[in-house]
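Here are a few exercises to work through with the model open in your viewer. Try each task before you read its solution.

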Amino acid sequence: MPHELQGRHAVITGASRGFGREIARHFARAGAHLYLLARDSGSLEETCALARAESADPAQTVAMQTADLSDLASLPAVFAALPAVDILVNNAGMQGPIGPFETQDPAAWRAVFAVNFLAAAECCRLVLPGMKERGRGKIVNISGGGATGPRVDFSAYAASKAALVRFSETLAEEVREAGIDVNCVAPGAMNTRMLSEVIAAGPERARQEYARALDQEQAGGTPPETGAELVLFLASQASDGITGRLLSALWDEWRELPTRREALARTDVYTLRRIVPLDRGLAW
Ligand code: NAP
């Protein structure tokens with residue numbers, strides 16, 4: 001639907017490049033007012049220029065603010081300068097140290113949690129009071145490889161993304177009655193800077209993933225547009241009532257979900273759960 005975010009104020013973190021930039025372009029075309037956060041001002045300006053050029057309406061706001069999201073104490077001031085936020089996309093992320101867990105610098109390992117998990121949670125904390133006041137809101141948290149299974153040599157990234165998914169499921173239940181939907185998106189393996197980091201780590205550190213990363217670099221990876229369409233759906237009214245889910249842009253039939261809203265709400269489909277023997281047909 002064209003202009004499905006018309007009049008909505010959306011914050012997108014990590015909008016300076018990669019997937020965040022693609023989300024910003026999708027939201028601009030859908031009519032949203034945009035507030036884009038990241039550290040690199042030059043790259044953010046490039047995203048702003050693209051978003052302005054693609055905006056559905058010349059009156060749309062496209063604003064940027066440089067911010068280091070790992071500086072959690074600075075975030076209240078960043079959000080205080082924004083109008084009431086209708087949509088928050090926690091996209092900023094870092095891959096962090098690559099290699100066996102015990103060989104990694106502890107400070108660098110912990111820094112991944114600050115960006116991927118703690119900053120995302122803090123941004124939620126800052127937008128929730130306004131969303132509750134207005135009785136509506138959309139929060140989309142970008143998950144990543146390792147949230148649903150082991151990702152060897154990427155322990156900080158995997159664990160921080162799993163934490164983000166569990167947090168999102170929990171928050172979704174807390175704010176369900178307030179009309180706020182909280183979901184996670186797995187956008188697929190994209191050829192962004194994160195892929196270049198895996199290749200730069202080399203076969204000694206990125207062991208199992210190195211060859212696959214080289215293949216992906218050649219093959220092209222999942223286009224960022226694929227995930228951005230799902231983020232747009234979860235930010236729009238079309239997804240109202242769909243909450244507490246982790247959806248894969250590549251594998252899930254998310255376009256059909258509006259027709260399955262009630263059925264979905266009665267199940268734990270698209271959530272993180274423990275697998276027991278019966279689930280695998282084992283009579284233990
Ligand atoms: P990317 O190109 O490395 O982009 C990461 C973004 O996060 C950049 O805009 C970066 O901006 C921002 N960021 C990182 N640290 C930050 C900080 N301390 N403060 C503020 N902004 C920060 O990677 P990407 O692939 O687009 O990743 C976007 C999201 O998708 C991440 O959450 C990632 O985990 C997720 N994801 C990616 C893949 C993939 O295959 N690439 C797969 C699944 C999920 P600045 O450097 O300008 O601050």
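**Exercise 1.** How many bridges join E1 to strand E4? Keep in mind that you're looking at a predicted model.

*Solution.*
Step 1. Find strand E4 at residues 87-90; three bridges join E1 to E4.
Step 2. Check the direction: E1 and E4 run parallel.
Step 3. For a register mark, take Ala-10, which stands opposite Ile-87 in E4.

**Exercise 2.** Work out how E1 pairs with strand E2, and what unit they make with helix H1.

*Solution.*
Step 1. Locate E2 at residues 33-38; E1 and E2 pair in the parallel sense over five bridges.
Step 2. Pin down the register here too: Thr-13 stands opposite Leu-37 in E2.
Step 3. Now add helix H1, residues 18-29: E1, H1 and E2 make a β-α-β unit, and that unit is right-handed.
Step 4. Finally, look at how covered E1 (residues 9-13) is. Four of its five residues are buried, so the strand is mostly covered.

**Exercise 3.** Which residues come nearest to the ligand, and which polar contacts can you list around its oxygen atoms?

*Solution.*
Step 1. Start with the surroundings. There are 29 residues around the ligand, and Ser-16, Arg-39, Asn-91, Tyr-157 and Thr-192 come nearest.
Step 2. Go through the backbone contacts. A backbone N or O atom of Gly-14 sits 3.0 Å from a ligand oxygen atom, and a polar backbone atom of Asn-91 is 2.7 Å from an oxygen atom of the ligand.
Step 3. Then try side chains: an N or O atom in the side chain of Arg-17 is 3.0 Å from a ligand oxygen atom.
Step 4. Add up the cover. On its own the ligand exposes 880 Å², and the protein buries 95% of that.

**Exercise 4.** Which salt bridges does Lys-138 form, and are the residues involved buried or partly exposed?

*Solution.*
Step 1. Search the whole structure, and you get 18 salt bridges.
Step 2. Pick out the one between the side chains of Asp-181 and Lys-138, at 2.8 Å from N to O. This pair links distant parts of the chain: Asp-181 is in strand E6 (residues 180-186) and Lys-138 in strand E5 (residues 137-142), 43 residues apart.
Step 3. Find the other partner, Asp-240: its closest N and O atom pair with Lys-138 is 2.8 Å apart. Lys-138 lies in strand E5 and Asp-240 in the loop between helix H8 (224-235) and strand E7 (246-248), so this pair ties together parts that are 102 residues apart in sequence.
Step 4. Sort by accessibility, with buried meaning under 20% relative accessible area. Asp-181 has 6%, so it counts as buried. Lys-138 also has 6% and counts as buried. Asp-240, at 34%, is partly exposed.

**Exercise 5.** What is the N to O distance in the salt bridge of Arg-273 and Asp-268, and which residues do salt bridges with shared partners join into one network?

*Solution.*
Step 1. The side chains of Arg-273 and Asp-268 meet at 4.0 Å, N to O.
Step 2. Check the accessibility of each: Arg-273 is partly exposed at 48%, and Asp-268 is partly exposed at 44%.
Step 3. For the network, follow the shared partners: Glu-22, Arg-25, Arg-29 and Glu-54 are joined into one network.

Key. Residues are numbered from 1 along each chain as its sequence is written. This is a predicted model: local features need pLDDT of at least 70, side-chain atom pairs count only at pLDDT 80 or more; totals for chains, interfaces and linings use all residues. Side-chain values use heavy atoms; hydrogens and water are left out. Buried means under 20% relative accessible area, exposed over 50%, partly exposed in between (1.4 Å probe, protein chains only). Helices (H or I, at least four residues) and strands (E, at least two) are DSSP runs, numbered from the N terminus. Two strands pair if DSSP finds at least two bridges between them. A crossover is right-handed if, with the strands pointing away from the viewer, the path from the first strand over the helix to the second runs clockwise. A residue is near a molecule or strand if one of its heavy atoms lies within 4 Å of it. A polar contact is a pair of N or O atoms within 3.5 Å; within protein, one must be able to donate a hydrogen and the other to accept it, and residues adjacent in sequence count only if both atoms are side-chain atoms. Accessible areas come from the Shrake-Rupley method with a 1.4 Å probe; for residues, only the protein chains shown count as cover.
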